[in-house]
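Let's take a walk through this protein together, one helix at a time. Keep the picture open beside you as you read.

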Amino acid sequence: MLRRLFQFLIVTALAVAAAVWLADRPGSVTLHWQGWRIDTSVPVLVAALLVVLGLAAALLRLARGVLGLPHRLVRARRDRRQRDGYRALSDGLAAVAAGNRQAARKLARRADRLLADPALTGLLTAQAAELHGDPAEVERRMQALLHRPETAFLGLKGLMTLALRRDDRAAALDYARRAWASETGGADGLAIPLFELQARAGQWAEAELTLAEARKRGALDGAELAHRRALVLRERAAAAERDGNTAEAARLALAAHRADPAFVLAAVAAARLLHRLGKPRKAAAVIEAVWRGAPHPALLDAWTALAPAETPLMRVKRLERLVRANPEAADGHRALGAAALDAKLWGLARTHLETALRLYPAAATYALRARLEREERQDEAAAAGWSAKAAGAPADPVWSCAACGSQAEVWSTACPSCGGIDTLAWKAPGLPVPVAAA
Ligand SMILES: [Zn+2]
């Protein structure tokens, strides 16, 4: 405000000064033109010239205004459509978040019509279609998202989810691979789904590359990465074994065991292959090391397999070493108790079967306890007492799929029922269901 006042004062002062300067210097001007003659003074001529210039400028502005009017009207209309379109887009996303199906669909259509850019409104229209349970429409809208680099990742991820939902793993793998290759920030979350799709397709080499890339990007943390690497190496070991290359298979199985020392089945494979290569001591060291932290019965079987021709007494001696390595493992005490029964070492058998029952009262251990009464003292009544306890005791844990709930006899990378990768877990099946009285 103050600046404008100053401007006005300065312009006025200059104009007054110019007028005074002209008035102080009088003179006359005579114009001859086409038989016309004008006599006037210099100040009047200057004033007349200024008036003419002012009029011309005003006319020019008016003409420009009139000529530009249609263009301005069009632009104003476009701006209004765009503003309304963005408002519908924003309100529509809010309606989707609130789960308001009707409003979401209405606003999606409105935004679509006003903005006329399917790549821009694709997310909203896809989500609105999703709320309405229209997979074909969702798919079409997700495809539209692929046309803009900014939304392409979202489209690929959505298309992958749709493909998985209709169990089209080949298509899901293709979308997952493309989304992962886009290297956008959100792609990190795709490391595991992509790995699992590749693993399910048996593409172990590609799966290994995915893990290497995930490591480079920091997409997976150390333990997740190590265990999946161990899965890949164990699969590669199995492939090498099938090809008859035992040395390579043993090398890969050992690498799997080192990548994840808690991965029992990698250790079991490594021990078996080392034994076959004539390295039983190294095989025993692998089993013993894993047994300390993860005393799984598969390790007991692998341990027994290292000396298939041993006498019961030799087996007792070797199993004592495992029990000393992990005295808290019920399965170790039970195996030692059973070996002691075979060797007719009754006292030793009783001690370890009792310890096993204290640690985990499994039906199979009660059955061994009954066998002890029968074989040591031929006491059928006592044996029957232990057998009765076995009937009410929990069975041993089993491999159980976390995804589909089915049980498996042996562990495999993919669940035999649903194909889930690394879903089999060693779980107690729970107490037997009491048989209802007929
Ligand atoms: Zn399953």
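In this predicted model, begin with helix α14 (residues 297–305) and helix α15 (residues 312–325), whose axes come within 11 Å and cross at roughly 140°. An angle over 145 degrees would count as roughly antiparallel, and α14 and α15 are therefore oblique to each other. The crossing of α14 with α15 is right-handed. If you would like to find the place where they touch, look on α14 for Leu300, Trp303 and Thr304, which meet Arg315, Arg318, Leu319, Arg321 and Leu322 on α15.

Helix α14 has another neighbour to show you: helix α12 (residues 264–276) packs with α14 at an angle of about 5°, and their axes are 10 Å apart. Angles under 35 degrees count as roughly parallel, so α12 and α14 are roughly parallel to each other. On the α12 side, the contact is made by Val264, Ala267, Val268 and His275, while α14 brings Ala298, Leu299, Ala302 and Ala305.

Now move to helix α3 (residues 101–115) and helix α4 (residues 118–131). How far apart are their axes, and at what angle do the two helices pack? The axes of α3 and α4 are 9 Å apart, and the angle is about 160°. That makes α3 roughly antiparallel to α4. Their crossing is left-handed. The residues of α3 that meet α4 include Arg101, Leu107, Asp112 and Leu115, and among their partners in α4 are Pro118, Leu120, Leu124 and Leu131.

Next, zoom in on a pair of side chains. Arginine 141 and glutamate 137 meet in a salt bridge, with 2.9 Å from N to O. Where do these two sit along the chain? Both are in helix α5 (residues 135–145), and because they are four residues apart there, about one helical turn separates them. Across the whole structure, a search finds 31 salt bridges.

Finally, travel to helix α1 (residues 2–24), where phenylalanine 6 has its place. Phe6 also belongs to a nonpolar surface patch of about 780 Å², which is made by Phe6 together with Leu2, Leu5, Phe8, Leu9, Ile10 and Leu14. Try picking out those side chains on the surface, and you will see the patch for yourself.

Terms used: Residues are numbered from 1 along each chain as its sequence is written. This is a predicted model: local features need pLDDT of at least 70, side-chain atom pairs count only at pLDDT 80 or more; totals for chains, interfaces and linings use all residues. Side-chain values use heavy atoms; hydrogens and water are left out. Patches are made of residues with over 30% relative accessible area and no salt bridge: like charges are joined within 9 Å, nonpolar side chains (Val, Leu, Ile, Met, Phe, Trp, Tyr) within 5 Å. Accessible areas come from the Shrake-Rupley method with a 1.4 Å probe; for residues, only the protein chains shown count as cover. A salt bridge is a side-chain nitrogen of Lys or Arg within 4 Å of a carboxyl oxygen of Asp or Glu. Axes are lines fitted to C-alpha atoms, for helices over the stretch in contact, and angles run from 0 to 180 degrees between N-to-C directions. Angles under 35 degrees count as roughly parallel, over 145 as roughly antiparallel, 65 to 115 as roughly perpendicular and the rest as oblique. A crossing is left-handed if the near helix is turned anticlockwise from the far one by less than a right angle, and right-handed if clockwise. Contact means heavy atoms within 4.5 Å.
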